[in-house]
Amino acid sequence: MDLDKSLSAYFSNESSEEVRVQALNVILILVKREINYAKLVSEHMKPFLTNHESKVRVRGTLLLAELLRRLP
């Protein structure tokens with residue numbers, strides 16, 4: 001699963017908790033190995049963090065918090 005697919009799965013209202021956890025794990029691996037954290041936020045997560053729906057923005061903020069908590 002690539003980053004964009006993982007983000008889509010994480011933010012989808014139709015995704016189960018299991019799918020979200022799997023997507024989070026993929027995102028963590030990619031950020032740790034391949035993707036700069038700043039690029040993740042500025043390019044890949046921008047649509048979620050600036051979304052007109054507060055639920056999407058909250059989920060984006062929670063994802064960032066979880067990434068910061070888990071990454072070294």
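**Figure 1. The largest nonpolar core of this predicted model, with Leu7, Phe11 and Leu63 picked out.** There are 20 residues in this core, and these three touch the most other members. Two or more residues apiece come from α1 (3-11), α2 (17-33) and α5 (54-70). The top contributor is α2, which puts in seven residues.

**Figure 2. Zooming in on Leu63 and its contacts.** Skip the neighbours within four places in sequence, and Leu63 is left touching Leu7, Tyr10, Phe11, Leu24, Ile27 and Met45. Two of those partners, Leu7 and Phe11, turn up again beside Leu63 as the core members that touch the most others.

**Figure 3. The helices, and how the chain packs.** What is the secondary structure made of? It's five helices and zero strands, so reading from the N terminus you simply get α-α-α-α-α. Of the contacts with a separation of 6 or more, 61% pair up residues 24 or more positions apart. The C-alpha trace spans about 30 × 25 × 20 Å along its principal axes. The radius of gyration is 11 Å, which agrees with the value near 11 Å for a compact globule of 72 residues.

**Figure 4. Surface and charges.** Buried residues account for 36% of the 72 in the protein. The accessible surface adds up to about 4800 Å², with carbon and sulfur atoms holding 52% of that. As for charge, the protein carries 11 positive and 9 negative side chains. How far apart do the centres of the two sets lie? The answer is 5 Å.

Methods:
Residues numbered from 1 in each chain as written. Predicted model: local features only at pLDDT ≥ 70, side-chain atom pairs only at ≥ 80, totals over all residues. Heavy atoms only, no water. Helix = DSSP H or I, 4+ residues; strand = E, 2+ residues; numbered from the N terminus. Rg over C-alpha atoms; globule rule 2.2 N^0.38 Å. Buried < 20%, exposed > 50% of the residue type's maximum accessible area, 1.4 Å probe, protein only. Contact = heavy atoms within 4.5 Å. Areas by Shrake-Rupley, 256 points an atom, 1.4 Å probe, with all protein chains shown as cover. Lys, Arg positive; Asp, Glu negative; His and termini not counted. Charge placed at Lys NZ, Arg CZ, Asp CG, Glu CD. Core = buried A, V, L, I, M, F, W, Y, C linked by side-chain atoms within 4.5 Å.
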